[in-house]
Structures are given as C-alpha cells and as structure tokens.
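Please examine the structure shown here. The paragraphs that follow lead the reader through a sheet, a core, the contact between chains and the surroundings of the DNA.

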2 protein chains.
Amino acid sequence: MPHNHDALLEHVKADMPADELLQDLGDLFKIFGDTTRIKIMYALYEDEMCVCAIADLLGMTQSAISHQLKVLKAANLVESRRDGKTIYYRLADEHVKSIIAQGYEHLTE
Amino acid sequence: MPHNHDALLEHVKADMPADELLQDLGDLFKIFGDTTRIKIMYALYEDEMCVCAIADLLGMTQSAISHQLKVLKAANLVESRRDGKTIYYRLADEHVKSIIAQGYEHLTE
DNA sequence: TTATCATATGAACGGTTGCTCATATGTTCA
DNA sequence: TGAACATATGAGCAACCGTTCATATGATAA
C-alpha cells in the first residue's frame, strides 16, 4: 500500500499561492532566463541607452535587440522614451536590480 | 552617418560582469522560469517533502517531478536525504525564497 | 518630397525543453 | 529470494523560443 500524506498535502496546499500567480511568477523568471536579456538589463543598470548602442555593446543585430526589448517592455521591466529618431530604454523599477542581485548572490556564495 | 556612442559603450562595458557569469545568471533564472519548478519550490517553502507527495500535490506524474527535482538539485536549489525507500527534498538555501519573493513583489505592486 | 537613419515587426528555421512511456535502480519486508 | 513500493533515468515527441532575414514604420534634414 502506497504511503499516505493527505494531512501534509492539506496543509501545504492551503499555503500555496493561486495557480495564476504561480504561472505569472514562472513567466516573469522566464524573461530573466536568457543571457541576451540579462545583458540588456545589466547594460541599463546605470543609465538609459538607445537600441543601436545596446546592439553595438552586445555585438548583436538591431532586430534581435528590438525583439528582446519588446519582451522586456511587455513585462514592465523596461520603459522607453523617444528623442527624435532615437528611442532610449531604461530599467522600469528597482526590482530588476534586486532580482538579478539575488541570483548573483546564489551563484557567488 | 549613424550616430556614435563609443564613449558610452566604453564606460558601460567596463561595468559589465564577465560573460560567463552573465551566462550562469541566465541559466539560473531559466530554472525559475517554469511553473512546475516554481510550484515544487513553493511546496518546499516550509518543510521537506517526498517525491510522491509533491507529485500528488501538483497532480503530476512521479516521473515528471523526478526529472524536475534533478534539474533543481543540479542547480543547488534543493537538497535531499533518504529515509528507507523514501527520499525527502528540501530547499537548499534562503536564496530560493528571496528570489521568488522579489519576483512576487514585482508582480503585486 | 526624397533620402537616410533609428526602430519595429512578421515569418520561418533550428535548437531547446518538459512531458510521457517504458524500464532500471534501490530499499524494505515477508 | 521475491514481491511491492519509491525513485531515477533514457528515448522520443510536441511545443516553445531566440535568432535571422526581409520589410515596414516613423522621424529628420536637405
């Protein structure tokens, strides 16, 4: 007879966040789970930057960077402003830095 | 003539972590970027749990959970101990909680 | 308006990933 | 030892994802 843990499950289940939130959490971290996007966020750590500067910095296509910036913007991780032909991107809030910082700590300890 | 930002690039490049670390960061967050793994980590938030209990909790196959636990263990996010036939998993350190907490904050503010 | 720069976007292709299924390993107990 | 339970693992497949390529949009200046 398989062993039983209904009591434990009852307890743990009660403390679990809603499925939708867990899904959203996964989706959020998925965005951090790509080196290109991590690099973009690090590039914006101190100051805003235009798309072609980021592309130059990472040695990648302007198109590739644009696609990724769109993903980051959809997740409210970056914001942008236009100045003539140029569009400058910046980090949207401090969570970006603190999430990366926590990951960094896990790796370097 | 395309506009120039060599000076900016020079400065930002100097502050960027090594490529290998950025890669590792991406790989780490990739692991958080899956709902099943997020659920497993949340299940272990307060106490250790055996594999079949996690499978029951999430309504998933034992095999699927085992595969994911292997991924989590390889990234030092969970640890395990054996007690007879049963193997209990627990969170490896506090970073797991704080990383998830930061993501949670970003979503709920 | 036309040419050029800066960025955005859609389609498509190749690589990755998470699950299933079958099976193997390891442990306990009769 | 053999049967049952608990977990691990390898192969295979469908779905997802990041890039490239071609092209579209938007802005400026001549």
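In this predicted model, three strands of chain A form an open sheet in the order β1-β3-β2, with antiparallel pairing. The edges are taken by β1 (49-50) and β2 (78-83) of chain A; each has a single partner strand, so one side of each is left without a neighbour in the sheet. Six bridges join β2(A) to strand β3 (residues 86-91) of chain A, and this pair runs in the antiparallel sense. One residue pairing may be located directly: A:D83 has A:T86, in β3(A), as its bridge partner.

Attention may now turn to the nonpolar interior. The largest nonpolar core holds 50 residues, and those that touch the most other members are A:M41, A:A43, A:L44, B:M41, B:A43 and B:L44. The surroundings of B:M41 can be followed further: apart from neighbours within four places in sequence, B:M41 is in contact with B:L77, B:L91, B:V96 and B:I100.

The two protein chains also meet one another. Chain A and chain B each bring 40 residues to the contact. On the side of chain B that touches chain A, at least two residues are supplied by each of α1 (6-15), α2 (19-32), α3 (35-43), α4 (51-58) and α6 (94-107) of chain B. The greatest contribution to this side of chain B is that of α6(B), with 10 residues. By class, the residues on the side of chain B that touches chain A comprise 21 nonpolar, 10 polar and nine charged.

There remain the DNA strands. Which residues are the closest to DNA strand C? They are A:C50, A:C52, A:S63, B:P2 and B:H3, among the 27 residues that surround this strand. The surface near DNA strand C draws at least two residues from each of α4 (51-58), α5 (62-74) and β3 of chain A, and from α5 (62-74) of chain B. Its largest share, six residues, belongs to α5(A). This surface near DNA strand C divides into nine nonpolar, 13 polar and five charged residues.

DNA strand D is likewise surrounded by 27 residues, of which A:P2, A:H3, B:C50, B:C52 and B:S63 are the closest. Here α5 of chain A, together with α4, α5 and β3 (86-91) of chain B, each give at least two residues to the surface near the strand. For DNA strand D, α5(B) provides the largest share of that surface, with six residues. The surface near DNA strand D consists of nine nonpolar, 13 polar and five charged residues.

How values were computed. Residues numbered from 1 in each chain as written. Chains lettered and ligands numbered in written order. Predicted model: local features only at pLDDT ≥ 70, side-chain atom pairs only at ≥ 80, totals over all residues. Contact = placed C-beta atoms within 7 Å. Helix = DSSP H or I, 4+ residues; strand = E, 2+ residues; numbered from the N terminus. Nonpolar A, V, L, I, M, F, W, Y, C, P; charged D, E, K, R; others polar. Pairing = 2+ DSSP bridges. Core = buried A, V, L, I, M, F, W, Y, C linked by C-beta atoms within 7 Å. Buried ≥ 20, exposed ≤ 12 C-beta atoms within 10 Å, placed from the backbone. Near = placed C-beta within 6 Å.
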